[in-house]
Amino acid sequence: MPRRFTPALADLGPGLILAATGIGVGDMVSATIAGAEYGLTLIWALGAGVLVKFFITEGAARWQLSTDTTLVEGWRNHLPRAAVLAFFIYFVVWSYMVSSALVAASALVPAAVIPSVPLPVWGFVHAVAAFVMVYFGRYERFLSVMKWFIGLKFAAVITATLLIIFWSGTNWSATASRSEFSVVYTLSLIGGVGGTVTLLSYGYWMREQGWSGRGRVPSARTDLTASFALVFLFSLAMIFLSTQIEWAGQILDEGPRLCLLLADRIAAETGPIGRTIFLVGFWGAAFSSVLGVWHGVPFLFDDWIHLWQRRQPTGQQGGAYRSWAAYLTLAAVSALLIQRPVWLVFAYTVVGSLFFPFVISTLLWLNNSRLMPAGARTGALANAVLGAALLLYVYLGVRLVLT
């Protein structure tokens, strides 16, 4: 292996955590819905979502490495206080929805396999387990766990896809769209793939990894390229698998049966072993997202609180970080009474997509302004992609209002 390539692989870390967090409940559900309802016709939305989120995360990372301040600190210093406060309110609501959706999705597999135990009980177990692991864990141990999870779920889904393609053959007639174009479903796919506000956690994971200074920008780009390549392949596999299933009724009402329908299709071709592998992979995708959110999102709250107070953030062992981890846990537990977990996940992906017009607008301004060192400002390609993404969100928003 070339020597220059070996250090690049050794550098991978924050991006793998981001992929393990982003390849999860949003991707599983939004990609499944997209494939079942629209076949392969929304792959363009998948590609657009991955590309836009790469440039968003790369832009936020480049800002942090070039200015030695987080993007949240940049907002605090250079945006009107009303805008920052409005986003904080959105952050509180989003945190409630994302924690609820992720825990509900993590409980789908055990609730489907052992229906005698109610889904809320499984959800409670997952929420508390995530809190305990984050409360007592350290970054290095967390990174090791997330690497294991990403290997588990990626291997399970890709193997299932290859078995369907090469073992039983593909029903290509099922890959055509079965429904008319929907703005809401498109927003769900773009919003669900690769994460939403959790993209901002990447900067804090870089800090935990010890990355700082403009010299680390190439490392971040390599790391993020690997991360979003995994996200794209995983989501594409999920879209394809869902086209090969005979769906009856409304997918959002399937509840725990959603993962079983996918698993049963695979079992028809591979037997019980393939079914078990897929279910374990589905659970791994959902629960690793829980762990990623519980670990990464409290960093934002810690940063926000202490920057507002003009004090240094205290990090993972501080009271602000741990209090937000507790909030995520309590929010998830309180929402377990909602008995439509797949609908909850879908709603979270739509709400999460509302984050992007704000963050894209601020990145286009901050990273092209004099606040950014001249050599680190956004290039023409990134500006074009982010500008086009902003126009796409405006277009979809207008269509949503008019329809």
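In this predicted model, helix H5 passes helix H14 in a right-handed crossing. The two helices pack at an angle of about 30°, and their axes lie 9 Å apart. H5 and H14 are therefore roughly parallel to each other, since angles under 35 degrees fall in that class.

H14, which spans residues 272–308, also packs against helix H6, residues 81–106. Here the angle is about 155°, with 10 Å between the axes. That angle makes H6 roughly antiparallel to H14, because the class takes in angles over 145 degrees. The handedness of the crossing of H6 and H14 is left-handed. As for the residues that make up the contact of H6 with H14, 21 are nonpolar, 4 are polar and 1 is charged.

H6 also offers a pair of aromatic residues to look at: Phe87 and Tyr90 both lie in this helix, 3 residues apart, or about one turn of the helix. Across the whole structure, the search finds 24 aromatic pairs. For Phe87 and Tyr90, the ring centres are 5.6 Å apart and the planes meet at 35°, so the pair is tilted. The tilted class applies because the angle of the planes is neither under 30 degrees, as in stacked pairs, nor over 60, as in edge-to-face pairs.

Attention can now turn to empty space. Rolling a probe the size of a water molecule over the atoms shows where such space is left. The largest pocket has a volume of about 350 Å³. Its lining is made up of 19 residues, and those nearest the centre of the pocket are Asp68, Thr69, Thr70, Glu73 and Arg207. Helix H4 (43–67), helix H5 (71–78) and H14 are the elements that give two or more residues to this lining. The largest share, 3 residues, comes from H14. Sorted by class, the lining of the largest pocket holds 8 polar, 7 charged and 4 nonpolar residues.

H14 thus links these descriptions: H14 packs with H5, packs with H6 and contributes to the lining of the largest pocket.

Technical notes:
Residues numbered from 1 in each chain as written. Predicted model: local features only at pLDDT ≥ 70, side-chain atom pairs only at ≥ 80, totals over all residues. Heavy atoms only, no water. Axes fitted to C-alpha atoms, helices over the stretch in contact; angles between N-to-C directions. Helix = DSSP H or I, 4+ residues; strand = E, 2+ residues; numbered from the N terminus. Parallel < 35°, antiparallel > 145°, perpendicular 65-115°, else oblique. Left-handed = near helix turned anticlockwise from the far one by under 90°. Nonpolar A, V, L, I, M, F, W, Y, C, P; charged D, E, K, R; others polar. 1 Å grid on protein atoms, 1.4 Å probe; cavity = no way out; pocket = protein on both sides within 12 Å on 5 of 7 lines; lining within 4 Å. Points joined across faces, edges and corners; volume = space filled by probe spheres on them. Phe/Tyr/Trp six-rings, centres within 6.5 Å; stacked < 30°, edge-to-face > 60°.
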